[in-house]
Structure formats: C-alpha cells, structure tokens
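Okay, thanks for squeezing me in before coffee. Have a look at the structure while I get my notes sorted, and then I'll talk you through it.

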Number of protein chains: 2
Amino acid sequence: MQTEPMPAEQMQAEQMRAEQVQAEQVAAFRRFNRYFTRRIGALDDHYLGQGRPLGEARLLFEVADAETGVSLRTLRARLGLDAGYLSRMAKALEAQGMVRISVHPDDNRLRMVELTPAGHVELKEQNRRADVRTADLLTGLDGRQRTELTEAMATARRLLRLAAITVERVDGAAPDARACLEAYAADLTARFGSFTASDLVGPEEVSGATGAFFVAYEEGRAVGCGGLRTLEPGVGELKHVWVHPGARRLGLARRLLEHLERAAAERGLNLLRLDTNASLTEARAMYRACGYREIPAYVDHVYADHWFEKRLPPATPLR
Amino acid sequence: MQTEPMPAEQMQAEQMRAEQVQAEQVAAFRRFNRYFTRRIGALDDHYLGQGRPLGEARLLFEVADAETGVSLRTLRARLGLDAGYLSRMAKALEAQGMVRISVHPDDNRLRMVELTPAGHVELKEQNRRADVRTADLLTGLDGRQRTELTEAMATARRLLRLAAITVERVDGAAPDARACLEAYAADLTARFGSFTASDLVGPEEVSGATGAFFVAYEEGRAVGCGGLRTLEPGVGELKHVWVHPGARRLGLARRLLEHLERAAAERGLNLLRLDTNASLTEARAMYRACGYREIPAYVDHVYADHWFEKRLPPATPLR
DNA sequence: ATAGTTCTTTGACTTTAGTCAAAGGTTCTG
DNA sequence: CAGAACCTTTGACTAAAGTCAAAGAACTAT
C-alpha cells in the first residue's frame with residue numbers, strides 16, 4: 001500500500017484542524033490550571049503555612065518526603081533555593097526542634113537533615129488536617145462522582161508525569177546509566193536469584209555506531225533505561241529495558257522503545273530482537289502491542305524464556 | 001420489596017470498606033494536588049510574575065477576568081487581600097498604565113477598576129506566552145494522550161466546581177434570589193419573547209410552610225435557583241429551576257432538584273409537578289432521569305408545552 | 001438630620017522571601 | 001601536595017507581602 005501525496009488544500013485544512021484541536025486543548029489545560037491553582041493550590045498554601053512561614057513548611061515537607069536524611073545540597077536542587085537562604089531556614093527548623101542536622105559520614109562538607117520525632121508528630125498532624133480538608137471537599141459529591149474525580153486526577157497525573165519525562169542518549173558507562181543498570185540487576189536478582197551484574201552488557205557494546213543507550217529522566221532523576229546493541233549485520237538486540245518502580249504504568253517503556261527503535265533504524269538495522277521472562281506479563285503484553293512477535297529462542301539466558309522480534313520499517317528522517 | 005435490617009457486623013464491615021475507599025480517594029486527591037501545585041502551579045507563578053510582583057500580576061489577571069470593570073471591594077473579596085494593600089497595588093498598576101480607576105457611577109464610595117488598552121495588550125501577550133509554554137508541555141505526549149489528558153482535566157474541573165457549589169435556602173425576595181429570577185426571566189424572554197417578569201411566582205408563594213426557594217452559590221456568586229410552591233394539599237410545583245449559563249453541564253440542576261424534593265417531603269407533599277418547554281431538551285432529559293414522568297397539561301403557560309410529575313417517597317429524616 | 005455603616009486611602013510598621021559575596025572547611029585531581 | 005572545585009555559613013542587603021489602625025468621604029436607615 002502506497003501513500004498518495006495529499007492535495008495541498010486538504011493538507012492545509014488538516015493542519016489547521018490539528019492546530020485548532022491543539023489550541024482547544026491548550027485552552028482546556030490552562031482553564032484547569034487556573035481554576036486549580038487558584039482554588040485548591042491557594043487554599044493548600046494557606047493551610048500549609050499555619051504558624052510557620054511557607055518556605056519553612058515546604059522545606060519541612062521536602063525533608064519528610066525523603067524518609068531517610070537528605071543533604072542540604074539535594075534540598076537546594078529540589079526546591080531551587082539559594083544556599084544561604086536554605087541554610088538559615090534549616091537552622092530555624094532545627095531551633096524549632098523539627099529536624100536534626102548532622103554531618104554526612106562520608107563527606108564532611110555535606111550537611112544531612114532529617115526529621116526528629118517531634119517533626120514526625122508535627123507532620124503527621126498536618127497530614128491529618130489536610131486529609132480532613134480534602135474529605136470535606138469531597139463530601140460535596142456522591143460516591144460515583146468522587147470515584148470519577150479521583151480517577152480523572154490519577155489519569156491527569158499519570159499523563160503529566162509522562163509529559164515531563166525526557167529520554168536522553170547517554171554513554172553506557174555514565175553514572176546515571178550505571179545506577180539504572182544496577183537497579184535493574186537488583187530487580188532481577190531479587191526475582192530470579194541467579195542474575196549477576198556480570199550478565200549486563202558492557203558499555204562499549206551499547207555505544208558508537210553499533211549500539212546506543214538511553215536514560216529517562218523525571219525531574220532530574222534517572223527513572224528508566226534501555227540499551228541497543230548489534231547482534232549481526234542488520235540485526236539488533238534490545239537489552240535491559242527497565243523502568244523504576246515509581247515510574248511504572250505511565251507508558252514510559254513504550255517511549256524508551258520508540259527511542260531505541262529510532263536509533264536502530266538510524267544504524268541501518270532492520271530487525272530487532274529481545275528476550276524476556278514469562279513472569280513479566282506486562283512487559284510481554286507491551287512488546288506485543290508495540291509490534292513485536294514471539295519467536296523461538298535465539299539465545300540462552302538463565303532467566304529468559306520468551307523471545308521476540310520486530311521488523312523495522314526503513315529509517316525515516318526526524319520530522 | 002422490603003429492606004432487611006442489616007446484621008451489625010456486616011454493617012460495620014461495609015462501613016469500614018467505605019472508609020477505606022474514602023481514604024484511598026483522599027490520598028489520590030492529595031497526591032494529585034501536591035504534584036500539580038508543585039510542578040505546574042509553581043512554574044506558572046514563576047512566569048506570571050515576570051517583570052512585576054506576583055501580587056500585582058494576579059490582580060491584573062483578576063481585573064482582566066471580569067471583562068467589564070470590577071470594584072476594589074469585589075477584588076478584595078475574591079483575592080482575599082487587605083484593603084490597604086489592594087489600594088496600593090491598584091495604584092501601582094494604574095501608574096504603569098495597565099488599569100484605569102474610576103468612581104462607581106451609583107456609589108461614590110466604590111472604586112471601579114478596568115483594563116486600559118495597554119493593559120489588554122499586556123494581558124494578551126502574557127496569555128500568548130502561557131499558551132506557548134502549555135503547548136510545549138503537551139508536545140511530550142502524542143495526540144491520543146493529549147486528548148485523554150485534557151478530557152481528564154475537564155472532568156476534574158467540572159467535579160471540583162460542583163463539589164464547591166453550595167445550595168442554600170433563602171427568602172424568595174432576597175437580592176440573590178431576585179438576581180437569579182431576573183436572569184431566568186431574561187433567558188426566557190430572549191427565547192420566547194412573550195415572557196415577562198410578572199409571570200414569576202411571588203416571594204410569598206415560595207416561602208414558609210408551603211414553599212421554599214433555593215439559591216446555589218459558587219465562590220460567593222449566585223449561579224442557580226429553584227422554587228417550590230404548594231398547588232393543593234399534598235401536591236407541590238417546582239418553579240423557575242434555573243442554572244447560570246457558566247455553571248451548566250456540571251450536574252447542578254440535579255442538586256437543586258434534590259434540595260427541592262427534600263423540602264417538599266418535609267412539607268408533607270407527596271406529588272411534585274412542573275412544566276417546561278420542548279426546546280429545553282436537556283432539561284427534559286434531566287427530569288426524566290430524575291424520575292419525573294410526562295403527564296398531560298395541568299396548567300397553561302405561554303411557553304410551557306411539556307408537563308411532568310413525580311411521586312415522592314415518604315419523608316426520610318436528614319441522615 | 002443624625003448615627004451607624006461601608007469603602008477607600010494613608011502612614012507606619014513587621015515578616016517573609018530572596019540575593020550576593022566573602023570566607024572557611026573539605027574533597028578531588030593532576 | 002598544591003590548586004581547583006565543592007558545600008555551607010555568615011553578614012549585609014533589597015524587594016515583596018502583609019498587617020493594623022486612624023481618618024475621611026459617601027451611603028443607609030431611622
């Protein structure tokens with residue numbers, strides 16, 4: 001089947017319609033945005049800051065979020081604050097008995113901040129109050145509407161997160177890449193026991209003209225990865241496609257696949273293979289949905305018991 | 001069919017499950033809330049305040065929102081600001097040439113604020129930039145995901161608005177009630193020409209032991225109303241159920257009906273009637289969905305051509 | 001007409017938020 | 001081991017945000 005070139009007028013009409021949709025979507029997004037930040041966000045800030053400057057309250061929440069201690073350095077990056085400003089706020093919280101500040105055991109330059117028991121109590125109380133406020137707000141709706149609302153919010157959050165995640169090509173030996181691969185290895189070890197870090201492909205295989213390695217970032221954190229290497233001329237293999245547990249069910253693996261496939265096409269590969277395990281049912285469904293079909297074993301691994309391949313269309317230039 | 005009294009243990013289990021659901025919904029709500037205000041809200045504030053204090057920028061937006069002039073008094077209520085603070089900010093915007101401040105024609109105490117042409121230009125530019133930022137954010141998603149996201153947001157906004165609307169019983173002669181009825185009359189006049197304000201029921205009919213009048217409020221604004229009067233012993237009539245155009249499709253009319261029906265039951269009425277017009281197809285569908293069934297004409301109005309009634313169950317005490 | 005209310009303005013603050021640069025330890029790198 | 005790079009603290013600021021109370025002008029109800 002061949003695609004006919006489209007008449008100019010029709011194409012223009014289509015594009016205009018696409019822009020129209022886009023404009024309407026942008027407007028809907030911003031409508032929500034304004035409504036939500038004004039109504040809910042403002043309210044939240046108001047209550048969050050009860051008895052404490054908003055900045056300090058936010059800092060306290062960020063410290064609590066980390067569960068274990070966080071360095072001032074990390075907090076600075078996450079909250080985007082000035083070093084001096086942060087230093088003073090942390091001290092204020094320490095003076096209030098909410099946090100404990102200590103020196104990092106391995107690096108004496110770093111200060112670690114963690115909640116004191118009193119801080120935990122305070123946070124718990126704040127959370128309780130916020131829960132009550134939220135529940136109050138929800139009582140204006142019946143059960144079905146509540147369900148609908150929370151589902152819509154979950155959907156929106158999922159897609160907003162996905163939209164904010166970027167996938168970047170990095171060297172297979174880069175710290176972020178290694179961190180992902182180690183997490184991936186730990187995952188497999190926990191699941192299959194027999195997996196060891198030596199089963200990972202080397203950085204040199206997933207770089208240069210015959211391979212590639214991608215890392216997905218969410219707000220600066222590496223939350224997923226995937227590698228491509230060449231098995232034989234024209235045939236590539238996907239390795240170590242992994243997504244951080246906290247970033248699953250967003251559709252991120254699919255995005256990683258898209259990048260890997262594009263890289264493969266750019267390298268002149270027209271066939272991609274991969275192996276996976278029966279226990280990863282979702283992964284298998286995802287591969288199938290993305291056009292991969294099951295094939296007999298092309299390689300042997302301790303954990304692999306399903307093999308897939310996909311024929312790639314000829315490379316298309318980046319729009 | 002008779003409802004069996006539920007065994008105590010089962011009831012408790014049910015209640016616990018309900019609370020469980022509720023807790024999960026509250027948690028989902030708050031998760032979204034935190035994510036959204038942190039990611040989008042903060043970003044928005046950052047850009048909103050470019051070249052101008054955030055407070056002034058917000059004020060400018062609020063003035064623009066009103067389209068026609070707004071009084072400082074209203075702005076104060078909407079933004080929750082101190083009178084002195086607001087007075088100064090308004091002056092600052094005036095000095096920048098963004099707004100014009102004048103005295104209210106009917107009340108010399110009030111100051112009216114409205115955008116100057118320069119203010120309109122400025123706002124337009126700000127909006128354009130915000131649109132670009134939003135579009136950028138959306139490019140991280142494919143067309144289907146974008147649609148899904150904007151639909152989820154529209155749903156969430158609709159339900160949040162509905163949750164925030166309160167319905168209150170007020171005197172039929174109260175200013176808010178009159179304002180709603182006038183808007184209602186204007187609606188009908190625009191549609192049918194022949195409707196006049198004298199076709200409205202009098203305040204005395206929708207009050208006391210034989211009637212009731214309800215007004216729906218959204219953030220302090222009256223956005224809907226509905227009246228109940230007694231036609232004959234045991235038979236009531238719903239009159240002037242109306243929802244502000246900007247608050248339609250939220251499910252508000254249904255809420256008004258619930259209040260009216262409860263009031264009717266409390267007054268010992270067991271049959272409710274109402275009339276409506278064929279052109280109000282949505283209203284008719286809503287009445288049907290709420291258990292009203294079509295009956296022959298029980299009264300004659302210039303605009304009425306459909307009549308409904310509903311038999312009420314015996315009064316149940318407020319939970 | 002008069003007393004009480006309402007709305008805005010003004011002056012005189014305080015607190016919060018945020019910036020900048022110098023300086024003092026620490027750690028990394030060649 | 002010397003110098004560069006890092007991380008935090010401190011001092012010295014500025015700008016924005018917000019509060020309070022007094023006072024004046026305008027309206028409303030009696």
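So, let me start at the DNA. A phosphate oxygen of DNA strand C is 2.9 Å from an N or O atom in the side chain of Ser87(B). Keep in mind that this is a predicted model, so take the distances in that spirit.

Two arginines on chain B come next. Arg88(B) goes for a base: one of its polar side-chain atoms lies 2.7 Å from a base oxygen of DNA strand C. With Arg109(B), it's a sugar or linking oxygen of the strand that is 3.2 Å from a side-chain N or O atom.

Which elements give two or more residues to this surface near DNA strand C? On chain A, they are α2 (54–66) and α4 (83–95). On chain B, they are α3 (72–79) and α4 (83–95). The largest share comes from α4(B), with 5 residues.

Now zoom out a bit. There are 20 residues around DNA strand C, and the closest are Tyr85(A) and Asn108(A) from one chain, plus Arg73(B), Arg88(B) and Lys91(B) from the other. By type, the residues of that surface split into 10 charged, 6 nonpolar and 4 polar. And what part of the DNA is the protein touching? Of the strand C atoms within 4 Å of the protein, 70% belong to sugar or phosphate, and the rest to bases.

Okay, on to the two protein chains. The contact between them takes in 51 residues from chain A and 52 from chain B. Together they bury about 5300 Å², and carbon and sulfur atoms give 65% of that. If you want names, Phe29(A), Arg30(A) and Phe32(A) supply 13% of the area that chain A buries against chain B, more than any other three residues.

There's plenty of polar chemistry to go through here too. Between chain A and chain B I have 8 salt bridges. One of them joins the side chains of Arg34(B) and Asp65(A), at 3.6 Å from N to O. Residue pairs in polar contact across the two chains come to 18.

Which parts of chain A do the touching? The elements giving two or more residues to that side are α1 (8–48), α2, α5 (117–138) and α6 (143–164). The largest share, 19 residues, comes from α6(A). Sorted by type, this side of chain A has 22 nonpolar, 16 charged and 13 polar residues.

That's my lot. Who's got questions?

Key. Residues are numbered from 1 along each chain as its sequence is written. Chains are lettered from A and ligands numbered from 1 in the order in which they are written. This is a predicted model: local features need pLDDT of at least 70, side-chain atom pairs count only at pLDDT 80 or more; totals for chains, interfaces and linings use all residues. Side-chain values use heavy atoms; hydrogens and water are left out. A residue is near a molecule or strand if one of its heavy atoms lies within 4 Å of it. A polar contact is a pair of N or O atoms within 3.5 Å; within protein, one must be able to donate a hydrogen and the other to accept it, and residues adjacent in sequence count only if both atoms are side-chain atoms. Helices (H or I, at least four residues) and strands (E, at least two) are DSSP runs, numbered from the N terminus. Ala, Val, Leu, Ile, Met, Phe, Trp, Tyr, Cys and Pro count as nonpolar, Asp, Glu, Lys and Arg as charged, and the others, Gly among them, as polar. Contact means heavy atoms within 4.5 Å. Buried area is the accessible area (1.4 Å probe) that two parts lose on being put together, summed over both. A salt bridge is a side-chain nitrogen of Lys or Arg within 4 Å of a carboxyl oxygen of Asp or Glu.
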